Amino acid sequence: MSEILSSLRSLMASHSPPLDALVVPSEDYHQSEYVSARDKRREFVSGFTGSAGLALITKNEARLWTDGRYFLQAIQQLSDEWTLMRMGEDPLVEVWMSDNLSEGANIGVDPWCVSVDTANKWGKAFAKKSQNLIPTTTDLVDEVWKSRPPSEMNPVIVHPLEFAGRSVSDKLTDLRAKLKQESARGLVIAALDEVAWLYNIRGTDVAYCPVVHAFAIITTDSAFLYVDKKKVSNEMSEYFKGLGVEVKEYTHVISDVALLASKQLFSSFSSKIEDMEIDSDQTDRLWVDPASCCYALYSKLDADKVLLQPSPLSLPKALKVVNNEYSLQKNPVELEGLKKAHVRDGAAVVQYLVWLDNQMQELYGASGYFMEAEANKKKPTSETSKLTEVTVSDKLESLRAAKEHFRGLSFPTISSVGSNAAIIHYSPEPEACAEMDPDKIYLCDSGAQYLDGTTDITRTVHFGKPSAHEKDCYTAVLKGHVALGNARFPKGTNGYTLDILARAPLWKFGLDYRHGTGHGVGSYLFVHEGPHQVSFRPSARNVPLQATMTVTDEPGYYEDGNFGIRLENVLVVNDAETEFNFGDKGYLQFEHITWAPYQVKLIDLKQLTREEIDWLNTYHLKCKDILAPFLNQAEMEWLKKATEPLTALESFICCLILQFLNNLSHLFSCFVIHHSLHREADALDGCSVWVSVGLIEKT
């Protein structure tokens, strides 16, 4: 890292103008959360591999900002040359730069890798000390990165209508209607999932994300796609030609944005698209999403003629059923596809748990998924039979790969044992991962990409004897998970408001977690999809939840150096039938579409209410019935046992037994104390024992 930082500082000094600081964001040219190998510039300069963060290099310092999901990971991965800045605890990066860099300082950044929102925010912060945000003409990191991976050359493919549910022409019609409504004559689309969704295309340019590196421009009478043409086959060329979409080279987007601004951008296919009537008072505005459009493209536009607001594609993509003023066409295809994908995925997860349960008992002498006892410390007889975080996650992937429509994982599997589970987004490496341990908690957060949907599920299990503290923590997480999933709320409610439901059971014990509670999930797209979320972050206030949206329900608790717990299901937002309808708002509720059991032996039943037990029984019954067609006899027997009904009576009996044991323990303790005193003083009579333990009154 020293050589990299030294080389960058030399380039900063020789830059015109010289740079006092260099910002290296995590994002690519499309402001993506997950980026391709050649775009992992921040990882290259810092060594930190998390998906979120920002590096700042000054003349004599190197600092990295990241959020609460990655604090522990960053501590482990950053060298002594770096200082970790904890988002939410330490000053914001723009505040730190403004306060700590000199007046008139020049701060460089690649304008392709920073959003309009971020650039404008920094510009305001820098103004008080006349500091300058300098767009570099080249990315300085790329000049230092001699072994930078080559560009991906993967083909663009069609996402069939049987999975997409809506045609490109329908989507374009709705989009142009939205442009007219907002008095805009064009839209620049930078977000990779929006380009893929609009044109019903997919690709493999980014690991775990079925997208293509591409931009799009849509006007009232034309449509463009900017992509490396080597990725476009003759068949795909005919596909785009039939849609009236002109395909241009990826690198031409910046010059075409300038042409768009000057009204000089024309398409050879525009005559094939029915012209939309433009009102005489139509303004000359161009629509740009400030969160996903890079500053490099925005700088080619006249700022006074730009409509800066969220993309008109963001919400329609998140809604799995179309029903708006421009389109009354029902489209349940994506929603039904998601549900089917989650059923197949749930079957794979259950098959994995069955296999892992058997392996842990056979190789490690574990008591297993159902029994609660210490392991007998048995060890695998050979290195090849040893189970590690990586080898078991590979098994899970193989089980998923056997399912219909499987196309890959939706993110790197978080397969974590013991203290590694406390690293919220832990990513095991074959050479350095932990061996499975029957006496420690195991957390597995995983998902897959299927042609008909994207999945994301987390289960936490223990194959030995969990401690009382681990049970308490698991139960609190489960109670929060159930509380959010069972919520009913008026239309217009956002995820910021609902987030507290998942945290309240943890707060009762003074516990919490440093990540959001829920994110949207795409339809064979990104596993993290906006614009909505359930979170403590203020951005969760921006978009209310709406019927047919998907959102995860994933509270957790993480104890550094010991263990981590998380439970996650994907939910669908549905209309709710309520007895009353205060304010005529209408109400919403959630539907679980993820299917895998919760481990009962990790639950402290006495802490559950009757309603929570009823919910758990109902969910487990559905889980058993829904997954049955996909499991063999042995797997089904295991699932039947894992989903056996719990009753309120069982919970009550557990309470009585625990109370009896506590009383017995108290009685024994008092007897021991009394016996000790009796040996020192013979004054006590025969009844004094009973007086001392409070079973008879002292007279």
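**View 1. A nonpolar patch on the surface, built by Ile500, Leu501 and Trp507.** The patch covers about 260 Å²; areas here are Shrake-Rupley values with a 1.4 Å probe, and for residues only the protein chains shown count as cover. To join a patch, a residue needs over 30% relative accessible area and no salt bridge, with nonpolar side chains (Val, Leu, Ile, Met, Phe, Trp, Tyr) joined within 5 Å and like charges within 9 Å. Leu501 sits in helix H17, residues 495–507; helices (H or I, at least four residues) and strands (E, at least two) are DSSP runs numbered from the N terminus. With 31% relative accessibility, Leu501 is classed as partly exposed, on a scale where buried is under 20% relative accessible area, exposed is over 50% and partly exposed lies in between (1.4 Å probe, protein chains only).

A word on the model: it is predicted, so local features need pLDDT of at least 70 and side-chain atom pairs count only at pLDDT 80 or more, while totals for chains, interfaces and linings use all residues. Residues are numbered from 1 along each chain as its sequence is written, and side-chain values use heavy atoms, with hydrogens and water left out.

**View 2. The six-stranded open sheet, in the order E4-E3-E2-E1-E5-E6.** Pairing in this sheet is mixed, and two strands pair if DSSP finds at least two bridges between them. Strand E4 (83–86) and strand E6 (132–135) are the edge strands, each pairing on one side only. On average, neighbouring strands are turned by 25° against each other, direction ignored. Strands E3 (residues 62–66) and E4 run parallel, joined by 4 bridges; look for Trp65 with its bridge partner Met85 in E4.

**View 3. Helices H1 and H4 lying across strands of that sheet.** H1 (residues 2–14) crosses strand E1 (21–25), strand E2 (54–58) and E3, at about 65° to E2. H4 (residues 93–100) lies across E1, E2, E3, E4 and strand E5 (106–109), and runs at about 10° to E2. Contact means heavy atoms within 4.5 Å; axes are lines fitted to C-alpha atoms, for helices over the stretch in contact, and angles run from 0 to 180 degrees between N-to-C directions.

**View 4. An open antiparallel sheet of 3 strands, E16-E17-E20.** Strands E16 (414–417) and E20 (457–462) are at the edges with a single partner strand each, so one side of each has no neighbour in the sheet. The average turn between neighbouring strands here is 10°, direction ignored. E17 (residues 441–446) and E20 run antiparallel and share 6 bridges, with Leu443 opposite Thr460 in E20.

**View 5. Helix H9 (residues 192–199), mostly covered.** Here 8 of its 8 residues are buried, among them Asp193, Glu194 and Trp197. Just after H9 comes Asn200, with a positive phi near 50°.

**View 6. The salt bridge between Lys231 and Asp205.** A salt bridge is a side-chain nitrogen of Lys or Arg within 4 Å of a carboxyl oxygen of Asp or Glu; in this pair the closest N and O atoms are 2.6 Å apart. The partners are 26 residues apart, Lys231 in the loop between strand E11 (223–226) and helix H10 (234–243), Asp205 in the loop between strand E9 (201–202) and strand E10 (215–219). Lys231 is buried at 6% relative accessibility, and Asp205 is buried at 3%.
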